[in-house]
Each structure stands twice: as structure tokens, then as C-alpha cells.
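Trainee: I have a new model open and would like to go through it with you. Can we start with the terms and then take the parts one by one?
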Amino acid sequence: MAPLVASTLAHFCNNPLITDVEWKTRGHDRAPGLHEALVGSGFTPDDTESIMIGPLEALCHDVPMPGGTTLRTVISDADVRAMSAMVDAAFGDPAGPRTANTLIARLARNDGMELWVAEMDGRMVSAGRLEPVPNTDFVGIWGGATLQEYRGRGIYRALTAARARSALAMGKKLVHSDSTEFSAPSLNAPAWSRSPPPRPTTGSAERHHDEGTRALRHELRLGVGPDNPYLDKVASLAMNLRGADPEKLEALLERWLAGLEYDAEHGHYFHGGFSVEVQDRGNGTAQIVFTSGGQDVAESLGYAVDEFYEQVLQHLTTASVTWTEQPLEP
């Protein structure tokens, strides 16, 4: 098992754009030695979670609304960024744009994901996602977080019930979630199935986590800190597009660029954590360079590429595209 972990980790370490790796193990999978191999390679075990499955209707009964609480979905960029900052604070993580960028890109795809927040005292205090599973009766409830000073008031339970009602309105019947000790009580209901707690054991940590149906996240932060040589670097992706319908490509590019800010001094467009340089365009071709820098460079470039695909590439029926990773710059 150790060689598997080592080779997988080497794959990610060789890419300077990747700064974090998460490896989730499941107690119902048989992988002897995996936990020790992950820890031995520098991964840090996160909290053990219970895998919970049950009917949505069970989450909607007898759920009072805490006084002064407002529940709503969020869709605007500003609200998504405020929600993500609150979630980072709830988990004690440093604030950063990567999660918000990913969620904003997901909302643009209109794949059914919903972002819910609870507000009290004029601020967001709890949040969570609703993730419909296509072509099934299931939805997933993920990303739950509540600020510490607002826990224990029933706010997250009310937020869970609101998501359950929304899923029922979609025609879904069942829900699944990986729940920590804090969020699991909000999902406990007589009709729900929850993995049993681990049996007492004096064996290895891996055996402890293999008892029952449980999930354990192992996280590793790559190159983060004062010795990381990439944090002050700038990364770029060059895209070369050929063979598109000239009129259609021009219209799509104009619409995409109109949604970006323009820096007249440098001749670049920018949005969030990335910039765009249109080096050449015309006659069904385009040469564009996407650039970002800093610790969230991978997320920013990924968001930029996703946006370009959603707004331009997927609408082209005849075109070829090549992507080239440019050397890192100071």
C-alpha cells in the first residue's frame, strides 16, 4: 500500500500548481495498511465522519425555526464569497477565494446545486449545499458549517430541513451525507441509517476506522509555508484554438470578454484571481493566455478555464484546442 500512496503523492507533488491533497478513506472498503501509509507520507487524519442515508421526509418533521433566523439560497457572486468566508471561519481555516471560485463556476453550470445560508443578527451564521444526484432519487447534503457562537440553537437543523424540503420539491426521496459529530445530530431520525460507532479496540488506528461504515479524510498541504518556492511565482496556461466558425467564435469571445474587467494600461482582462491576455484572434482562431499567481493559483486558473469552457468552447461544434502550461515566472 505504501508504494501506491507514494506514487500518487509524487504525481501531485510534481505539479507546482497543486497545494492541497485530500484522500478520503471509507470504513467499508478493505484496504489494509492504507491509513498507516497515508500518515507515513505526511497526511494528517481529519475528523472521522458517519455515513448517513435516509428518507428526506424524516428531516422535515418537527423542526422549529429558531427565533430571529432567516433561511435563503444564495446565487450572487458577493453572497457566495461571503458564505465561503463564513464557512472558512467556522472551520478555523484561512480565508481564500478558491472555494468561492469553484462554487461560482458550479452555479454557472446550472447543474441543480443549491447553496443555503442561515442569517441571524444581520450576518450569515450557518451554511450548506444541496447536491442532486442525476438519474437517482438521491440528493447529497454537504458543506455544513455553523459559527461556533451560534451552535446548539437548532439553526443547522432548520437549515437541513429547508434543504430537504427543496429536494422533495425536485422529486427526490432519499439523502446521503458524511457527517461529523457536530452535524450528525441534525440528521438523526428514526428512519435513518447511521453507521455504528467504532467498537473499542487496542489495535491500529486503521482498524479503529474500519469498524462500521465510516469515512475518514486525510489531508496534506503541499508546499505551503515560508519554504514554498512557488507561492511568489506566476503560472500561465496558453490556449490555441483553431478551425472554429469565424462569426460564431467572435460573438462568443465578445460576450465572454464583456463579463471581464479590462485593464487598459496593460491591455489585459481580469476577473477575480486570474488575468487574460488575448494575443491573437480572427478567422476562426484565437490565442489566449490565462495567468494567475499566489497560493490559490490552481483554483484560480481552474475557475478561468471552466468559465471559458462554459461560455465559449462548449458552444463550438467545429474547433480544435490545445493547452500549453508555461514555465513558472518570478
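Mentor: Start with pairing: two strands pair if DSSP finds at least two bridges between them. Helices (H or I, at least four residues) and strands (E, at least two) are DSSP runs, numbered from the N terminus. This is a predicted model, in which local features need pLDDT of at least 70 and side-chain atom pairs count only at pLDDT 80 or more, while totals for chains, interfaces and linings use all residues. Residues are numbered from 1 along each chain as its sequence is written, and side-chain values use heavy atoms, with hydrogens and water left out.

Trainee: Ok. How many bridges join β11 to β12?
Mentor: Three, between β11 (residues 261-263) and β12 (residues 268-271), and the two strands run antiparallel. Y262 stands opposite Y269 of β12.

Trainee: And what do β11 and β12 form?
Mentor: A hairpin, with four residues between the strands. G267 in that turn has a positive phi of about 75°.

Trainee: What comes after β12 in the pairing, and how many bridges are there to β13?
Mentor: β12 is joined to β13 (residues 274-282) by three bridges, antiparallel again. Across that pair, H271 has F274 as its bridge partner, and F270 stands opposite S275.

Trainee: What is the strand order in the sheet?
Mentor: β11-β12-β13-β14-β10-β15, an open sheet of six strands with antiparallel pairing. β11 and β15 (320-325) stand at the edges with a single partner strand each, so one side of each has no neighbour in the sheet. On average, neighbouring strands are turned by 25° against each other, direction ignored.

Trainee: Which helix lies across β10, β12, β13 and β14?
Mentor: α8 (residues 246-258), and the helix runs at about 155° to β13. For such angles, axes are lines fitted to C-alpha atoms, for helices over the stretch in contact, and the angles run from 0 to 180 degrees between N-to-C directions.

Trainee: Where is N283, and is N283 buried or exposed?
Mentor: N283 is in the loop between β13 and β14. At 77% relative accessibility, N283 is exposed. The cut-offs are under 20% relative accessible area for buried, over 50% for exposed, and partly exposed in between (1.4 Å probe, protein chains only). N283 also has a positive phi of about 55°, although it is not a glycine.

Trainee: What about N110? What is its phi?
Mentor: About 55°, so a positive phi in a residue that is not a glycine. N110 sits in the loop between α4 and β4 (114-120) and is exposed, with a relative accessible area of 68%.

Trainee: Switching to helices. How do α3 and α4 cross?
Mentor: Two packed helices are described by the angle between their axes and the distance between the axes. For α3 (residues 77-91) and α4 (residues 98-109), the axes come within 9 Å and cross at roughly 140°. That makes α3 and α4 oblique to each other; angles under 35 degrees count as roughly parallel, over 145 as roughly antiparallel, 65 to 115 as roughly perpendicular and the rest as oblique. The crossing is right-handed, meaning the near helix is turned clockwise from the far one by less than a right angle.

Trainee: Which residues make the contact?
Mentor: On α3, D77, V80, R81, M83 and S84; on α4, T99, A100, N101, L103, I104 and L107. Contact means heavy atoms within 4.5 Å. By class, the contact has six nonpolar, three polar and two charged residues. Here Ala, Val, Leu, Ile, Met, Phe, Trp, Tyr, Cys and Pro count as nonpolar, Asp, Glu, Lys and Arg as charged, and the others, Gly among them, as polar.

Trainee: Is S84 buried or exposed, and what does S84 touch?
Mentor: S84 is buried, with a relative accessible area of 3%. Not counting residues up to four places away in sequence, S84 touches T99, A100 and L103. The C-alpha atoms of S84 and N101 are 9.5 Å apart, with the two positions 17 residues apart along the chain counted as separation.

Trainee: Another hairpin, β5 and β6. How many bridges?
Mentor: Six, in the antiparallel sense, between β5 (residues 123-132) and β6 (residues 138-146). A127 stands opposite A145 of β6. Five residues lie between the strands, and N135 in the turn has a positive phi of about 60°.

Trainee: Last one, how many helices and strands in the chain?
Mentor: Nine helices and 15 strands. Of the 330 residues, 40% are buried.
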